[in-house]
Amino acid sequence: MVVKIKLIATFLLLFAILVPVTGLAQDAKLDRAEANFCKKLGGLITALNTLEETNETGTYDEFSKAYNKTVKAWNKFVKSADKLENVEYKESVKAYNNLVDAVNMIQGDSMDDKTADKVGKHIDSAADTIADLQVVECK
């Protein structure tokens with residue numbers, strides 16, 4: 001009987017120690033996910049800013065490179081956002097898809113003013129919806 005009581009006491013002690021440790025591990029995992037989200041969000045914002053600059057003043061090759069970097073930044077952002085429950089980015093997906101559609105309208109390896117304006121508007125729209133995603137306090 002004494003052995004059984006000691007066993008139960010040991011189990012309760014271990015439980016009392018492990019429960020807070022598990023909570024800390026979950027908090028640390030959430031902290032890492034939020035930090036990664038902030039990093040990827042910052043990367044996407046930087047990519048969109050670069051894309052906007054090259055759309056206005058750069059060559060088609062510079063624009064194309066900036067666009068490819070934006071696509072990569074978007075994919076990284078989505079992957080990080082999916083790891084957080086409180087990030088709803090449905091409007092950003094629409095804005096991003098509109099940007100992709102506008103870029104896909106570019107014919108050949110140059111852009112006319114009308115297409116550049118349309119792309120610029122979609123870049124601004126994507127940037128606006130992404131700015132609304134500051135649900136995580138980024139440091």
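User: A crossing is left-handed if the near helix is turned anticlockwise from the far one by less than a right angle, and right-handed if clockwise. How does α2 pass α3, in a left-handed or a right-handed crossing?
Analyst: This is a predicted model, where local features need pLDDT of at least 70, side-chain atom pairs count only at pLDDT 80 or more, and totals for chains, interfaces and linings use all residues. Residues are numbered from 1 along each chain as its sequence is written, and side-chain values use heavy atoms, without hydrogens and water. For α2 and α3, the crossing is left-handed.

User: How many helices and strands does the protein have?
Analyst: Helices (H or I, at least four residues) and strands (E, at least two) are DSSP runs, numbered from the N terminus. The elements run α-α-α-α from that end. The count is 4 helices and 0 strands.

User: Which residues of α2 and α3 make the contact between these helices?
Analyst: Axes are lines fitted to C-alpha atoms, for helices over the stretch in contact, with angles from 0 to 180 degrees between N-to-C directions. The axes of α2 and α3 come within 12 Å and cross at roughly 155 degrees. That makes α2 roughly antiparallel to α3 (over 145 degrees; under 35 is roughly parallel, 65 to 115 roughly perpendicular, the rest oblique). Contact (heavy atoms within 4.5 Å) is made in α3 by S92, V93, Y96, V100 and V103, and in α2 by F63, Y67, V71 and W74.

User: At what angle do F63 and Y67 set their ring planes?
Analyst: The structure holds 4 aromatic pairs (Phe, Tyr or Trp rings, the last by its six-membered ring, with centres within 6.5 Å). F63 and Y67 form one that is stacked (planes under 30 degrees apart; over 60 is edge-to-face, the rest tilted). Their centres lie 6.5 Å apart, and the planes differ by 10 degrees.

User: Where do F63 and Y67 lie?
Analyst: Both F63 and Y67 are buried (under 20% relative accessible area with a 1.4 Å probe, protein chains only; exposed is over 50%, partly exposed in between). They are 4 residues apart, about one turn of the helix. Both sit in residues 60-81, helix α2.

User: Why is the pair of W74 and Y96 stacked?
Analyst: W74 and Y96 are both buried. W74 belongs to helix α2 and Y96 to helix α3 (residues 90-104), so the pair links distant parts of the chain, 22 residues apart. The pair is stacked because the ring centres are 4.3 Å apart and the planes stand at 5 degrees.

User: Which residues do ring pairs link into a cluster?
Analyst: W74 and Y96 both belong to it. The full set is F37, W74, F77 and Y96.

User: How close do the axes of α3 and α4 come?
Analyst: The crossing of α3 and α4 is left-handed. Among the residues that meet are A95, L99 and A102 in α3, and V119, H122 and A126 in α4. The axes of α3 and helix α4 (residues 113-131) cross at roughly 165 degrees and come within 8 Å.

User: Is D128 buried or exposed?
Analyst: D128 lies in helix α4. Its C-alpha atom is 8.5 Å from that of S92, 36 residues apart along the chain. Because its relative accessibility is 51%, D128 counts as exposed.

User: What share of the accessible surface belongs to carbon and sulfur atoms?
Analyst: Of the 139 residues, 30% count as buried. Residues 24 or more positions apart account for 70% of the contacts with a separation of 6 or more. The accessible surface (Shrake-Rupley, 1.4 Å probe) comes to about 9,700 Å², and the carbon and sulfur share is 56%.
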